Amino acid sequence: MASTTLSSTFSLLARPSSSSSASLARSSVTVPLRRSRRAVAVASTATESPKIVELGDAIAGLTLEEARSLVDHLQERLGVSAAAFAPAAVVAVPGAGGAGAAVEEAPAEKTEFDVVIDEVPSSARIATIKVVRALTSLALKEAKDLIEGLPKKLKEGVSKDEAEDAKKQLEEVGAKVSIV
């Protein structure tokens, strides 16, 4: 069955198109599912030729392994790569390991950072409050409240340079700071 489906699919790909007329009316196609005895009705409003419908039915009937083989064959035959059409951020599919898995690209470099105060020793509280007030526009009470229930974000969505500068100033007075 699989070889018949594949050979009919490839023969459809090899044939030149003989008919360019298509129906604009809403059509309904019944696609049998391989593992169950139900059929799924697929409604389409796009213009479809019988060749396209037949090809779609043949592809829908393939197993995952056969579909992967079809993709590999078409890439080789047409000289294209699926990676050329992939979006910038590739999401890995669970359970899709091995040769057929998509190549993951490096994540984009982060441009916004958060400065988080993790810990302030009791001997450095007053100096830390002064630095927090200098870095932000907080009043004395708000700055004191900020360093009491740690860890807390001091700054959100700042540039890397600004985050590193704030971290350096806070660590100089004894606070433990992280950049997220």
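## Exercises on salt bridges, burial and contacts

Lys 153 has a relative accessibility of 43% and therefore counts as partly exposed. The exercises below treat a predicted model, and each is followed by a worked solution.

### Exercise 1. A pair between two strands

Find the residue whose side chain meets that of Lys 153 in a salt bridge, and decide whether this partner, Asp 114, is buried or exposed.

Solution.

Step 1. Side chains of opposite charge can pair when their charged atoms come close. The side chain of Lys 153 meets that of Asp 114 in a salt bridge, with 3.3 Å from N to O. This link joins distant parts of the chain, since Asp 114 belongs to strand S3 (residues 113–119) and Lys 153 to strand S4 (residues 152–158), 39 residues apart.

Step 2. The relative accessible area of Asp 114 is 17%, and the cut-off for a buried residue is under 20%, so Asp 114 counts as buried. Lys 153, at 43%, is partly exposed.

Step 3. To set the pair in context, a search of the whole structure gives seven salt bridges.

### Exercise 2. Pairs within helix H5

Identify the salt-bridge partners of Lys 141 and of Glu 148, and state how many residues separate Lys 141 from its partner and Glu 148 from its partner.

Solution.

Step 1. Lys 141 pairs with Asp 145, and the closest N and O atoms are 3.4 Å apart. The two residues lie in helix H5 (residues 140–148) with a spacing of four residues, about one turn of the helix.

Step 2. Glu 148 pairs with Lys 144, where the closest N and O atoms are 3.9 Å apart. Here, too, the two residues lie in helix H5, four residues apart, or about one turn.

Step 3. The reason that such a spacing suits a pair lies in the geometry of the helix: an α-helix has 3.6 residues a turn, so residues three or four places apart point the same way.

Step 4. For the exposure of these residues, Lys 141 has a relative accessible area of 57% and is exposed, whereas Asp 145, with 33%, is partly exposed. Glu 148 is partly exposed at 43%, and Lys 144 is partly exposed at 40%. In addition to these pairs, salt bridges that share partners join Glu 65, Arg 68 and Asp 72 into one network.

### Exercise 3. The two sides of helix H4

Determine which residues of helix H4 (residues 125–135) are buried, and which exposed residues are carried by the face turned away from the buried side.

Solution.

Step 1. The buried residues in helix H4 are Thr 128, Ile 129, Val 131, Val 132 and Leu 135. Viewed down the axis of H4, the buried residues fall within an arc of 165°, and they therefore line one face of the helix.

Step 2. The face turned away from that buried side carries Ile 126, Lys 130 and Ala 134, which are exposed.

Step 3. Take one residue from each face. Ile 129, at 11% relative accessibility, counts as buried, and its C-alpha atom is separated by 9.5 Å from that of Leu 170, which is 41 residues away along the chain. Lys 130 has its C-alpha 8.4 Å from that of Leu 140, 10 residues apart in sequence. Leu 140 lies in helix H5 and counts as exposed, with a relative accessibility of 52%.

### Exercise 4. The end of the chain and a charged patch

Say where Val 180 is found, what kind of peptide bond runs from Leu 150 to Pro 151, and which residues form a negative surface patch.

Solution.

Step 1. Val 180 is found in the segment after strand S5 (176–179) and, with a relative accessible area of 48%, is partly exposed. The C-alpha atoms of Val 180 and Glu 112 are separated by 8.9 Å, although the residues are 68 apart along the chain.

Step 2. The peptide bond from Leu 150 to Pro 151 is cis, with omega near 0°, and Pro 151 sits in the loop between H5 and S4.

Step 3. The negative surface patch is formed by Asp 161, Glu 164, Asp 165, Glu 171 and Glu 172. Of these, Glu 172 lies in helix H6 (residues 160–172) and counts as exposed at 59% relative accessibility.

### Exercise 5. The chain as a whole

State how many helices and strands the protein chain has, and what share of its residues is buried.

Solution.

Step 1. The chain comes to six helices and five strands, which run α-β-β-α-α-β-α-α-β-α-β from the N terminus on.

Step 2. Of the 180 residues in the protein chain, 21% are buried.

Technical notes:
Residues are numbered from 1 along each chain as its sequence is written. This is a predicted model: local features need pLDDT of at least 70, side-chain atom pairs count only at pLDDT 80 or more; totals for chains, interfaces and linings use all residues. Side-chain values use heavy atoms; hydrogens and water are left out. Patches are made of residues with over 30% relative accessible area and no salt bridge: like charges are joined within 9 Å, nonpolar side chains (Val, Leu, Ile, Met, Phe, Trp, Tyr) within 5 Å. Accessible areas come from the Shrake-Rupley method with a 1.4 Å probe; for residues, only the protein chains shown count as cover. A salt bridge is a side-chain nitrogen of Lys or Arg within 4 Å of a carboxyl oxygen of Asp or Glu. Lys and Arg count as positive and Asp and Glu as negative; His and the chain ends are not counted. The place of a charge is taken as NZ of Lys, CZ of Arg, CG of Asp or CD of Glu. Buried means under 20% relative accessible area, exposed over 50%, partly exposed in between (1.4 Å probe, protein chains only). The arc is that of the directions from the helix axis to the C-beta atoms.
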